[in-house]
Amino acid sequence: MPKEQLYKKYAQFYDKVYSKKKYDEEIAFIKSIISNFKVKGKNLLDMACGTGTHAKKFADDGFKITGVDLNSGMLEIAKAKVKNATFLEGSMQAFKSKEKFDVATFLFTAINYNKNISDLKATIKNFYDILNKGGIVIFDLGLIKGQEDKKSGAFIDTYTENDLQIARISQWNPSKDNPDIHNAIFLMLIKDKGKIDFEIDEHELGIFSVEEIKSIMEKTGFAVKIYDNYTLKKYTKKSKRPIFVGQK
Ligand SMILES: C[S@@+](CC[C@H](N)C(=O)[O-])C[C@H]1O[C@@H](n2cnc3c(N)ncnc32)[C@H](O)[C@@H]1O
């Protein structure tokens, strides 16, 4: 797959744009799952780790962390944030490892960076291969087939800190050419110490149904449970964000 230039200059502002994201609740959920599934071992792979916020919280909790991301800009920030971790540039579709992991996380719509079923199958198979027996993979699904309209439209997020002002305008729409793809366009408008800069970032995201993903995971060999938006409640069709847990 060609290397995409996602989050270019945007990388350095990612944490600011998502400063209100509830990372602690996600970590608490994942720790409950690790305990409920009786996972032994603390070797954790965070795929599509971005700027390493989850990685930092897990490392502080005694996990041995490997973070992988496609984007070197995001990885630079992760490396500075988490000193006692290994970070590698790589793609979820191609990632192979001789080292085996007890937990693999893959968070915040990262699964939607598979653009078709064959990429999705490759990614899920890679997770299966790198896990120890009894190990688990945990990921959320941000864009759900059949519910695309809920994620379509134009949105604005803002962040202000001293002389820094960030406005991110995003537009999410189904692709005109491919019913299985959603296009997300992000315009970052930044004013930093009086200097104005901007960047436009285009993302192509694959849309999958919950049933499609569950079926691929089961065929790959995982026992699958699906939860409701980082809570221990079971997923229902009304859930905003399904969370998949697959155990090898
Ligand atoms: C929405 S961010 C999520 C980052 C992080 N997991 C979090 O929760 O903050 C998506 C991340 O996926 C990465 N990414 C996109 N396509 C990828 C791929 N094919 N393989 C690995 N990482 C990818 C991007 O570079 C970005 O860091």
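A polar contact is here a pair of N or O atoms within 3.5 Å, and in this predicted model a nitrogen atom of the ligand meets that limit with a polar backbone atom of Leu107, the separation being 3.1 Å. Two further contacts involve a nitrogen atom of the ligand: one is made by a backbone N or O atom of Ala48, the other by a polar side-chain atom of Gln93.

| Residue | Protein atom | Ligand atom | Distance |
|---|---|---|---|
| Ala48 | backbone N or O | nitrogen | 2.8 Å |
| Gln93 | polar side-chain atom | nitrogen | 3.0 Å |
| Leu107 | polar backbone atom | nitrogen | 3.1 Å |

The protein buries 98% of the 600 Å² that the ligand exposes when taken alone. Around the ligand stand 20 residues, of which Tyr14, Tyr23, Ala48, Asp69 and Met92 are the closest; Ala48 thus appears both among these closest residues and in the table of contacts. Sorted by class, the shell consists of 13 nonpolar residues, six polar residues and one charged residue.

Turning to the cavities, a search of the whole structure finds one of 30 Å³ or more, and the volume of the largest cavity is about 30 Å³. Its lining is formed by Leu45, Met47, Met92, Phe95, Thr123, Asn126, Phe127 and Ile130, so that Met92 belongs to this lining and is also listed among the residues closest to the ligand. Helix H5 (117–130) and strand E1 (43–47) each supply at least two of the lining residues, with H5 giving the largest share, four residues. In this lining six residues are nonpolar and two are polar, while none is charged.

Terms used
Residues numbered from 1 in each chain as written. Predicted model: local features only at pLDDT ≥ 70, side-chain atom pairs only at ≥ 80, totals over all residues. Heavy atoms only, no water. Near = heavy atom within 4 Å. Polar contact = N/O pair within 3.5 Å; in protein donor to acceptor, adjacent residues only side chain to side chain. Areas by Shrake-Rupley, 256 points an atom, 1.4 Å probe, with all protein chains shown as cover. Nonpolar A, V, L, I, M, F, W, Y, C, P; charged D, E, K, R; others polar. 1 Å grid on protein atoms, 1.4 Å probe; cavity = no way out; pocket = protein on both sides within 12 Å on 5 of 7 lines; lining within 4 Å. Points joined across faces, edges and corners; volume = space filled by probe spheres on them.
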